[in-house]
Amino acid sequence: ESQDFLNRLDIVYTILDKYYIKTNLSPFYTTILILNPGNCIRYIEVYWPKKWAKPILVSVKQLWEKYREEATMPLLVYMPFSYNNPS
């Protein structure tokens, strides 16, 4: 009974590990980590295996270059006009 439970836990761990690795290798997830002021790039450099860190940081840089122009364009904000508010 106990061995059956351990076998099932091992299967669950294998499945979760598969998706955990996929998440870590996503440039979007890594970008979110980098944009968190508590993490920045240093978090990845310190806590991630070197074989993951270098290629994913290259992917994040490519992602930034792809969307940089859109990010630097001024945002047009819709401000509703009101006759009651003089400002």
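These are my notebook entries on a predicted model of a single chain.

**Entry 1: overall layout**

I started with the secondary structure. The chain has 4 helices and 0 strands. Reading along the sequence, I wrote down the pattern α-α-α-α.

Next I looked up burial. Of the 87 residues in the chain, 15% are buried. I also noted the surface: about 8,100 Å² is exposed, and carbon and sulfur atoms supply 63% of that area.

Then I checked how far apart in sequence the contacting residues are. I took the contacts with a separation of 6 or more, and 47% of them join residues 24 or more positions apart.

**Entry 2: H2 against H3**

How do helix H2 and helix H3 pack, and at what angle? I found an angle of about 115°, with the axes 6 Å apart. H2 covers residues 27-35 and H3 covers residues 40-47.

I listed the residues on each side. H2 brings Thr30, Leu33 and Ile34. H3 brings Cys40, Ile41, Tyr43 and Ile44. I sorted this contact by residue type: 6 are nonpolar, 1 is polar and none is charged.

**Entry 3: Thr30**

I then took Thr30 from the H2 side. Thr30 sits in helix H2. Is Thr30 buried or exposed? Its relative accessible area is 0%, so Thr30 is buried, the cut-off being under 20%.

I looked up what surrounds Thr30, leaving out residues up to four places away in sequence. Thr30 touches Asn24, Ile44, Trp48, Ile56 and Val60. Ile44 is also one of the H3 residues in the contact with H2.

**Entry 4: Cys40**

From the H3 side I picked Cys40, which lies in helix H3. I checked its backbone. Phi of Cys40 is near 55°, a positive value in a residue other than glycine.

I also looked up its accessibility. Cys40 has a relative accessible area of 36% and is partly exposed. Cys40 still takes part in the contact of H3 with H2.

**Entry 5: Asn24, Ile21 and Trp52**

Asn24 came up in the Thr30 list, and I followed it. Asn24 belongs to helix H1. With a relative accessible area of 3%, Asn24 is buried.

Which residues does Asn24 contact, setting aside its neighbours within four places in sequence? I found Tyr29, Thr30, Trp48, Trp52 and Ile56. Trp48 and Ile56 also appear among the contacts of Thr30.

I checked the spacing of the Trp52 pair. Asn24 and Trp52 are 28 residues apart in sequence, and their C-alpha atoms are 8.4 Å apart in space.

I did the same for Ile21, also placed in helix H1. Ile21 and Trp52 are 31 residues apart in sequence, with 9.5 Å from C-alpha to C-alpha. Ile21 is partly exposed, at 28% relative accessibility.

**Entry 6: salt bridges**

How many salt bridges are there? I counted 2.

The pair in H1 is Arg8 with Asp4, and their closest N and O atoms are 3.1 Å apart. Why does this spacing in sequence suit a pair within a helix? Arg8 and Asp4 are 4 residues apart in helix H1, so about one helical turn separates them. Arg8 is exposed at 54% relative accessible area. Asp4 is partly exposed at 40%.

The pair in H3 is Arg42 with Glu45, at 3.9 Å from N to O. The cut-off is 4 Å, so this pair counts as a salt bridge. Arg42 and Glu45 are 3 residues apart in helix H3, again about one helical turn. Arg42 is exposed, with a relative accessible area of 56%. Glu45 is partly exposed at 37%.

**Entry 7: a nonpolar patch**

Last, I looked for nonpolar side chains on the surface. Phe5, Leu6 and Leu9 make a nonpolar surface patch of about 300 Å².

I checked Phe5 in this patch. Phe5 is found in helix H1, which runs over residues 2-24. Is Phe5 buried or exposed? Its relative accessibility is 52%, and the cut-off for exposed is over 50%, so Phe5 counts as exposed.

Technical notes: Residues numbered from 1 in each chain as written. Predicted model: local features only at pLDDT ≥ 70, side-chain atom pairs only at ≥ 80, totals over all residues. Heavy atoms only, no water. Patch = residues over 30% accessible without salt bridge, like charges linked within 9 Å, V, L, I, M, F, W, Y side chains within 5 Å. Areas by Shrake-Rupley, 256 points an atom, 1.4 Å probe, with all protein chains shown as cover. Helix = DSSP H or I, 4+ residues; strand = E, 2+ residues; numbered from the N terminus. Buried < 20%, exposed > 50% of the residue type's maximum accessible area, 1.4 Å probe, protein only. Axes fitted to C-alpha atoms, helices over the stretch in contact; angles between N-to-C directions. Contact = heavy atoms within 4.5 Å. Nonpolar A, V, L, I, M, F, W, Y, C, P; charged D, E, K, R; others polar.
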